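Please look over the sequence and the structure shown below before reading on. The report then takes up a few features in turn.

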Amino acid sequence: MLVFSGYQSPPIAVATGIPQRSPLSPILFLFFISNLLNSFKEGVTQGIGFVDDTNLIIYGLTAAENCRTLEKAYNTYIEWARRYRVQFLLEKY
C-alpha cells in the first residue's frame, strides 16, 4: 500500500524477484554479494565478482598452504550462504 499526505491506497500485490536476463540482475547481484567479496580483500585471498559468478584468487608458497587458505575461504563462503539462505551450484565449483 502507498501512504503519503494523508492518503492510503488499498494493498498492492508486488511480485518479488528479477526476471531472468534482466539487465539489473548482474548489478543487483554484485551489490548483494559485495560484503562477501570484500571479506577477501586483504592477504593472500582476493574475491572477484562478475555478472552472477564469483571467483577466488589464492596464492602462497606451497600447494598445501594454498589448500589450507582455500578451505578457510570455502568455510567463509558457506557461513555467508547460510546466513543469507543462498545456495551455490555444486557443478560450478
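## Helix α1

In helix α1, the residues I33, L36 and L37 are buried, and the structure in which they are found is a predicted model. The buried residues of α1 pack against three other elements, namely β3 (45-50), β4 and α2.

Helix α1 is made up of 15 residues, and the distance from its first C-alpha to its last is 21 Å, which is close to the 21 Å expected at 1.5 Å a residue. There is nevertheless a kink in α1, centred on F32, of about 45°.

## The largest pocket

The volume of the largest pocket is about 920 Å³. Its lining consists of 27 residues, of which F29, D52, D53, T54 and F88 are the closest to the centre of the pocket.

Several elements contribute to this lining, since α1 (24-38), β4 (53-58) and α2 (63-84) each supply at least two residues, and the largest share, six residues, comes from α1. When the lining residues are divided by character, 18 are nonpolar, five are polar and four are charged.

## Residue C67 in helix α2

Helix α2 also contains C67. Is this residue buried or exposed? C67 counts as exposed because its relative accessible area is 51%, and the cut-off for exposed is over 50%.

Along the chain, C67 and K92 are 25 residues apart, and their C-alpha atoms are separated by 18 Å.

Note on methods
Residues are numbered from 1 along each chain as its sequence is written. This is a predicted model: local features need pLDDT of at least 70, side-chain atom pairs count only at pLDDT 80 or more; totals for chains, interfaces and linings use all residues. Side-chain values use heavy atoms; hydrogens and water are left out. On a 1 Å grid over the protein atoms alone, a cavity is a set of points where a 1.4 Å probe fits but cannot get out, and a pocket is an open set with protein on both sides within 12 Å along at least five of seven lines; lining residues have an atom within 4 Å of a point. Grid points are joined across faces, edges and corners, and a volume is the space filled by probe spheres set on the points. Helices (H or I, at least four residues) and strands (E, at least two) are DSSP runs, numbered from the N terminus. Ala, Val, Leu, Ile, Met, Phe, Trp, Tyr, Cys and Pro count as nonpolar, Asp, Glu, Lys and Arg as charged, and the others, Gly among them, as polar. The expected span of a helix is 1.5 Å times one less than its number of residues. The bend at a residue is the angle between axes fitted to the seven residues ending there and the seven starting there. Buried means under 20% relative accessible area, exposed over 50%, partly exposed in between (1.4 Å probe, protein chains only). Contact means heavy atoms within 4.5 Å.
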